[in-house]
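Me: Can you take me through this one? I'd like to start with how the helices pack between chains.

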Amino acid sequence: MSVPDNSPPKPRPMYLNLVAIRLPIAGIASIFHRVSGAVLFLFALPLLLLTVQASLASPESFAALKAALAHPLAKLVTIGFVWAYLHHFCAGIRYLLIDLHVGDDLAPAQRSGAAVIAVSLALTLIAGVRLW
Amino acid sequence: MTRTLRQAVGAHYGWRDWLAQRVTAVVMAAYTVVVLGIALWNGGIDYALWKALFASGVWKVATFVFMLALAWHAWIGVRDIWMDYIKPVGVRLTLEVLSILALAAYIGWTIQILWGGK
């Protein structure tokens, strides 16, 4: 039976200069997944509930909401949230596939990381054009 | 010699959380596709259609399940973020409690929206 090693771990070399680190494309997709998730939780979720509440309250509040969301600034914020949702959605599906060992080798994982960024940006562009 | 203390705010159920985050993701993705499908099928959503949709009991329950899935999913996600970046245990615990309270409030709010109407 081996004796468990209880000595404190050796200090590891740290290189966390965020400006100097060159993040691989899958890493960029990954950090966007985290950032978009945080944005959705902190800002989009309460605003979504407010929106759904106002949209269902009465025909007048539905119309007022529609008018408010037509403001260019509101459209900009909406497009930001649409991107956050789409990126989180696409990157999440990529993780589900990787968990199922679909495309979990380095090269396909890099390609799918780039694809997630590109597809969610393209879909955001389509949604943005339709919104405007 | 010091003994490692049990962490107060660590992830004790990594496997269960990992699975829950994925199952809830699939639930939310399915709901999203259905909402988009309804909007595209009808060429947009006006008040009458929207109101009729949310008058359906099945839709209310589906929406509530979506919100529960979202809350569970978001809890695992934000907890991971607090664990990665917030090292002081007191601050981290406070943020975790605030996150739980916010999500609980959002669930209550959802019930109000779905079943609180006249």
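**Helix packing between chains**

Reply: This is a predicted model. In it, α1(A) and α3(B) cross with a left-handed sense.

Me: Which residues of α1(A) and α3(B) make the contact?

Reply: On α1(A) they are A:Arg34, A:Gly37, A:Ala38 and A:Phe41, and on α3(B) they are B:Ala74, B:Gly77, B:Val78 and B:Ile81. By class, that contact has 5 nonpolar, 2 polar and 1 charged residues.

Me: At what angle do α1(A) and α3(B) pack?

Reply: About 120°, with the axes 10 Å apart. An angle between 115 and 145 degrees counts as oblique, so α1(A) and α3(B) are oblique to each other.

Me: And the whole interface, how many residues of chain A are in contact with chain B?

Reply: 16 residues of chain A, against 16 residues of chain B. On the chain A side, α1, α2 (59-69) and α3 each give two or more residues.

Me: Which of them gives the most?

Reply: α1(A), with 10 residues. The chain A side has 10 nonpolar, 4 polar and 2 charged residues.

Me: Switching to α3(A). Which of its residues are buried?

Reply: Among them are A:Trp83, A:Tyr85, A:Leu86, A:Phe89, A:Cys90 and A:Arg94. Their cover includes α1 (25-57) and α4 (106-131) of chain A, together with α1 (14-41) of chain B.

Me: What span should helix α3 of chain A have?

Reply: Its 28 residues, 72-99, should span 40 Å at 1.5 Å a residue, and the end C-alpha atoms are 40 Å apart, so the two agree.

Me: What comes just after α3(A)?

Reply: A:His101, which takes a positive phi of about 65°.

Note on methods:
Residues are numbered from 1 along each chain as its sequence is written. Chains are lettered from A and ligands numbered from 1 in the order in which they are written. This is a predicted model: local features need pLDDT of at least 70, side-chain atom pairs count only at pLDDT 80 or more; totals for chains, interfaces and linings use all residues. Helices (H or I, at least four residues) and strands (E, at least two) are DSSP runs, numbered from the N terminus. The expected span of a helix is 1.5 Å times one less than its number of residues. A residue is buried if 20 or more other C-beta atoms lie within 10 Å of its own, exposed if 12 or fewer, and partly exposed in between; C-beta atoms are placed from the backbone. Two residues are in contact if their C-beta atoms, placed from the backbone, lie within 7 Å. Ala, Val, Leu, Ile, Met, Phe, Trp, Tyr, Cys and Pro count as nonpolar, Asp, Glu, Lys and Arg as charged, and the others, Gly among them, as polar. Axes are lines fitted to C-alpha atoms, for helices over the stretch in contact, and angles run from 0 to 180 degrees between N-to-C directions. Angles under 35 degrees count as roughly parallel, over 145 as roughly antiparallel, 65 to 115 as roughly perpendicular and the rest as oblique. A crossing is left-handed if the near helix is turned anticlockwise from the far one by less than a right angle, and right-handed if clockwise.
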